[in-house]
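Student: Could we go through this structure together? I would like to begin with the ligand site.

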Amino acid sequence: MGSKKTAEKEVDIFDLQSIEGIGKATEEKLASAGITSVLDLAAATPRELMELGISAEKAEEFCLKARLILMESGFLDKEFIPASEVMERRKALQRLTTGSQSLDNMLGGGVETQAITELIGEFGCGKTQICHTLCVTAQLPADERGLEGTAIYIDTEATFRPERISQIAEARGLPPKKILDGIIFANVYNSSHLQLTIKELGRYIEKFKAKLVVVDSIISHFRAEYVGRGTLAERQQRLNDLLHRLLRMAQVHNIAVVVTNQVQANPDQFFGDPNKPSGGHILAHSSTYRIYIRRSANNTRLARIIDSPYHPANAEAYFKITEKGVEDLQEEK
Ligand SMILES: Nc1ncnc2c1ncn2[C@@H]1O[C@H](COP(=O)(O)OP(=O)(O)O)[C@@H](O)[C@H]1O
Ligand SMILES: [Mg+2]
C-alpha cells in the first residue's frame with residue numbers, strides 16, 4: 001500500500017529509508033516531528049529538520065531528495081516544467097461549491113483545490129459560517145459540485161458547532177449523522193500546537209480521504225502571542241511557513257484549503273494596499289486567493305476578491321447566511 005507505480009520506477013511514499021542517507025535513527029527523529037513519509041518530508045522545510053538536531057546541510061539535502069523522488073515518480077511537479085504540463089495539472093483541479101451561485105461565479109466556479117483560499121473580514125461577517133457550509137458541500141458528489149471527500153476542520157477559536165453542521169445538512173436534505181462523520185475535527189490551543197497539527201496533516205488527509213482542510217483561524221494564536229513590533233518579523237515568518245506548507249499539501253493531495261483571517265474595521269487598507277501591514281496586524285502573503293467579506297444592507301454579505309492571479313480585480317458577489325449555511329440572495333442584485 002502507498003506505492004505509486006510509474007513507467008520508470010516504483011516508489012514507496014511511506015518509506016523514509018528509501019531516501020539515501022536516512023537510516024533508522026534519522027527516521028525516528030523525523031517521526032518525532034510527525035514526518036513519517038516521503039510526502040511529509042517533501043512538504044517540510046529544512047528549518048524544521050534542523051530543529052530536530054539535523055545539520056543544515058543534511059536538512060537541505062533530505063528535503064530536496066524527497067522532492068526529487070516525488071518529481072521522478074510523477075507525484076509532484078518538477079521545478080521547471082513546460083506550460084502544457086501546468087495545464088495538465090490544472091485539469092485535475094476541482095471546484096467546490098460555497099452554496100451560493102454568485103459567490104461561486106466570483107471564484108470562477110467555486111473554491112479551488114491545489115490552492116489556499118483566505119477569507120478575510122471582521123468578527124461576525126460570516127467566515128466561520130462559510131467554513132461550516134464548505135464542510136458539508138465538500139462531501140457532495142462531483143455532479144453536485146462537491147469534492148466527494150471528507151473535511152478536516154482545525155479550530156483555533158472554539159467556534160466550531162456540530163449542531164450548526166447538522167442544521168445545514170438537514171436544510172439541504174442530507175443525512176446529518178453521515179455528514180458529521182465526514183468531518184474530522186481538531187482543536188488547537190496555541191500557535192505551536194497549530195504548527196504541529198499542520199505538520200501531521202498529510203497523514204490525516206490520506207487516512208480520512210480528505211478533500212478540504214479548514215483552518216479557522218490561521219491568525220488568532222499568532223496575534224495573541226506576538227505582541228509588540230519587535231516580534232512581527234518572526235510571527236510573519238512562522239505564519240508564512242505554515243501557509244507554504246498548507247499550499248504544498250493542497251497541491252500534493254489535490255485538496256482545497258480554506259483559512260480565515262480576522263481583521264478589525266478599516267476596509268480601506270484592503271482596497272488600497274492589501275499587503276501592507278497596518279494597525280499592528282499583518283497579513284500573510286502566501287494565500288492563492290484572498291476574499292474580503294463584509295456585512296451589507298439587510299444583513300446580506302458582500303464578498304470581494306482582493307488578491308488573485310487571474311480573477312478580474314474587484315469582482316464581487318452578494319450572498320446571505322441562512323439555515324442552509326451560505327445561500328444566494330433571493331432576488332439577485
Ligand atoms: N443559523 C443561522 N441562520 C442565519 N444566520 C446565521 C446562523 N448562524 C449564524 N448566522 C449568522 O452568522 C453570523 C456569525 O458569522 P460567523 O461566521 O461566526 O462570523 P466570523 O467567523 O466571520 O466572525 C451571525 O451574526 C449571524 O448573522
Ligand atoms: Mg469565526
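Tutor: The conversation below goes from the ligand site to the core and then to a strand pair and a loop. This is a predicted model, in which local features need pLDDT of at least 70 and side-chain atom pairs count only at pLDDT 80 or more, while totals for chains, interfaces and linings use all residues. Residues are numbered from 1 along each chain as its sequence is written, and chains are lettered from A and ligands numbered from 1 in the order in which they are written.

Student: Which residues are around ligand 1?

Tutor: Gly 121, Phe 123, Gly 124, Cys 125, Gly 126, Lys 127, Thr 128, Gln 129, Ile 321, Thr 322 and Glu 323 surround ligand 1, each with its C-beta atom, placed from the backbone, within 6 Å of the ligand. Two elements, α7 (127-137) and β12 (316-322), give two or more residues to this shell. Helices (H or I, at least four residues) and strands (E, at least two) are DSSP runs, numbered from the N terminus.

Student: Which element gives the most to that shell?

Tutor: That is α7, with three residues.

Student: Is α7 buried or exposed?

Tutor: 11 of the 11 residues of α7 are buried, so the helix is largely enclosed by the rest of the structure. A residue is buried if 20 or more other C-beta atoms lie within 10 Å of its own, exposed if 12 or fewer, and partly exposed in between, with C-beta atoms placed from the backbone. Among the buried residues of α7 are Lys 127, Leu 134 and Cys 135.

Student: Turning to the largest nonpolar core, which residues touch the most other members?

Tutor: Of its 80 residues, these are Leu 41, Leu 134, Cys 135, Leu 212, Val 214, Val 257 and Val 258. Such a core is a set of buried Ala, Val, Leu, Ile, Met, Phe, Trp, Tyr and Cys residues joined through C-beta atoms within 7 Å. Helix α13 (residues 232-253) supplies the largest share of this core, seven residues.

Student: What about strand β10, buried or exposed?

Tutor: Five of the seven residues of β10 (residues 289-295) are buried, so the strand is largely enclosed by the rest of the structure. Strand β5 (residues 115-121) pairs with β10 in the parallel sense over five bridges; pairing requires that DSSP find at least two bridges. Thr 117 stands opposite Tyr 289 in β10.

Student: And where is Gly 108 found?

Tutor: Gly 108 lies in the loop between α6 (101-106) and β4 (111-112). Gly 108 counts as partly exposed because it has 16 C-beta neighbours inside 10 Å.
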